[in-house]
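Thanks for sharing this one. Here are a few notes to read with the model open beside you.

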Amino acid sequence: MAAEKPSWLQQPLRVLDLVYNARMNEMPMTEVVRICRRMHANVIHFHCQYNMGGGFDEEGMYFRSRLAKRQNRDVLAEFLPLAKKAGIRTVVYANLHWFTKPFADQHPDWWVIKHDGSRLENLYGGDDSSFCINTPWRDWSFVLLEDLCRYPIDGVFFDGPISFLSRGCCYCPHCRRLFNERHGRDMPPPERSDREEYSLLRRSAVDSMDRYYRDAMEVLHRTRPGVVGYGNCANAAEPDWAAGRVNRRMVPLTDVLAAEGGFMYGRAAKAILKTGASSRVYETQAAGKPSINAVSMAFSPWRWVSLSAAETSVLLSEASVGVNPYYAIFLQGIEMPGIAAAAEVYGFLSRQAKYYRGSVSAAAVGLVQSGQTLSGYSGVDIPWADIGSQHARRAEAVGNHSRALYGFHEMLLRARIPFDILDEVRLEEAGLDRYAGIVLPNAACLSDGQCRALTEYVRQGGTVVADFETSHYDELGRRRREFGLTELFGVCSENEVSPLRRWDYVLTPERRPGPLSELPVDFLPAPRHSLRVTPTAGQVHAVFSEPLASNIVASATPSDQPFLVENRVGRGVCWYLPATFGEFFEEARPEAYPAILGAMLGSAAKPLRVSGPPHLLDLHLRQQPSRRRVLVHLVNLELGPISEVVPAYKVGIEVRVPFPVRSVIALRADRSLRFRQRAGKVSLVLPELREYEVVALEGLS
């Protein structure tokens, strides 16, 4: 029987990562505790490794270890009794991926080796390296973990290790041997264009990560029963070949899903959807375990400089819905306004913890992030990731799941529709019928079983919206001649993608009742590419124009190629768009697209309605099953050019509530709100919304 997890993990966590390493020799541990209290943190990722000289090595251990080449101050022993007295849980930060080059030079049998035989170097700077998880470095790392667990710590956070397949690694003798044992052949070159061969490399990288974490967690639990362990998991929309991280594989091996969904690489407005998307993904993939969405103070790459107060408040509030927030502070910038804003958010979360404990989503729409498509489809972008200095890369293929995902994400925000983000595992689980609508953003790679589950979902009354090559490939990335969801789509694929539609239009020559009926004109901007299809059972609502030779023309002629197909299956409906609909919105943001998506999903997908500004508002609808309580989280994503959020006033809210309501409270404003309840709906006006607010609707007891 599995050991029962510590009860503190079930509480709303407010995690602080204080990077005080530059002062590790002299900083009083009482000051670290004081900062935790100032920030209202109840968990710390505690640093006792010095890595300010280009990575970690055996001279940078500030705790007792059999591996240490120099005896330094034991900050861990000093801090632990102070933390316990202050009620702060101590999770030790373990850097297991970033090492100094001189240390790497001493251990050539631990190196990460590229396909060309050279050593992987320069993770972050010009004088650092890493080690391969399949080499004898494993045993060295396990000794390190044993030594940490000899202290009365609460947990260990693994920052790495990772695999480096995206950099053409690892081809060391140990990796080659393991590959041969698993597959009975030599390792192929790291060429993504050869999907069959590359899938074997992907599988090998992920299996190696699983093997490491399984063994490392066994070391922790053997040395200190009850200790918590968790790693740095995959970001939202990260393919498995980027770093070998697959959250659904890592979560069963560890105790918490933690990942860097709030690490920005520039101004927050340039990636403002990332943190909210990450919280939704992590909540789904954690599958009931605690999850942590990590936010960094850094205006990266200048880590001593914090993001503005408004950016910090927005990101941390997004990282607190359905998951637990983490905030990383670099000591040099601790007096910057962003840090005070983080303390304000954490103080709010501390005071209002009862409204976050045990809440679950009540959204009626599921947006699918397809991990299979991320890993097996050609049109996938690599997101920025701090670990291993993974740089963003944009794919050049026609059709892109990453951009389609964020395009549909933003359309749902602008349509004011609360939603969850689901993955393929969730598609095949029981309870999918709680959603009124499922959105498939170019989810190209779906298995036969997942296609059957979606078809049955529609037969039983659900609504599906899908675009472009959704289900045209199997779960391994092998192209089907026909859609796996052809019964739902009501069309057959002709396996031909249009040339670039530079100036083309979508035309609605027949105004049928449906999602396009309220358009002020009978044309729309057309997405850049479409898949040629032949309607079978589906009803066509709009078509593409014939290709235009210029953007200045007298008229556009309708083609025979559908833009929007409605197909009724059983009690439900599927809306299929054989074009890069979501991806095009991410690029050009045609004004009508969010309203079209909202109309396709229908009124059942909108248990919450919000009117008035801001225009870009993230809505989370949640409930606490153990209480008669509904919660509306509002996060204002209308950030100004740099340092301010655009406030909103007199925001109208109407929400379905299945019980009589006795009171409504705006928690951040700390004020009761007047409301009216009729026919199962509660209406109210929120006087002001700055960065975030939580409205709690309390039922009669």
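1. Tyr230 is buried (under 20% relative accessible area, 1.4 Å probe, protein chains only), as its relative accessibility is 2%. Phe157 counts as buried too, at 7%. Please keep in mind that this is a predicted model, where local features need pLDDT of at least 70 and side-chain atom pairs pLDDT 80 or more, while totals for chains, interfaces and linings use all residues. Residues are numbered from 1 along each chain as its sequence is written, and side-chain values use heavy atoms, without hydrogens and water.

2. The rings of Phe157 and Tyr230 are tilted, with centres 5.7 Å apart and planes at 50 degrees. Rings of Phe, Tyr and Trp (its six-membered ring) pair if their centres lie within 6.5 Å; planes under 30 degrees apart are stacked, over 60 edge-to-face and the rest tilted. Phe157 lies in strand β6 (residues 155–159) and Tyr230 in strand β7 (residues 228–231), 73 residues apart; strands here are DSSP E runs of at least two residues, and helices are H or I runs of at least four.

3. Next along β6, have a look at Phe158, whose ring is edge-to-face with that of Tyr213, at 5.4 Å between centres and 70 degrees between planes. Tyr213 belongs to helix α6 (residues 195–223), 55 residues away. Phe158 is buried at 0%, and Tyr213 at 1%.

4. Both Phe158 and Tyr213 belong to one aromatic cluster, whose members also include Trp110, Trp137 and Trp140. The count of aromatic pairs comes to 35.

Notes
Buried < 20%, exposed > 50% of the residue type's maximum accessible area, 1.4 Å probe, protein only.
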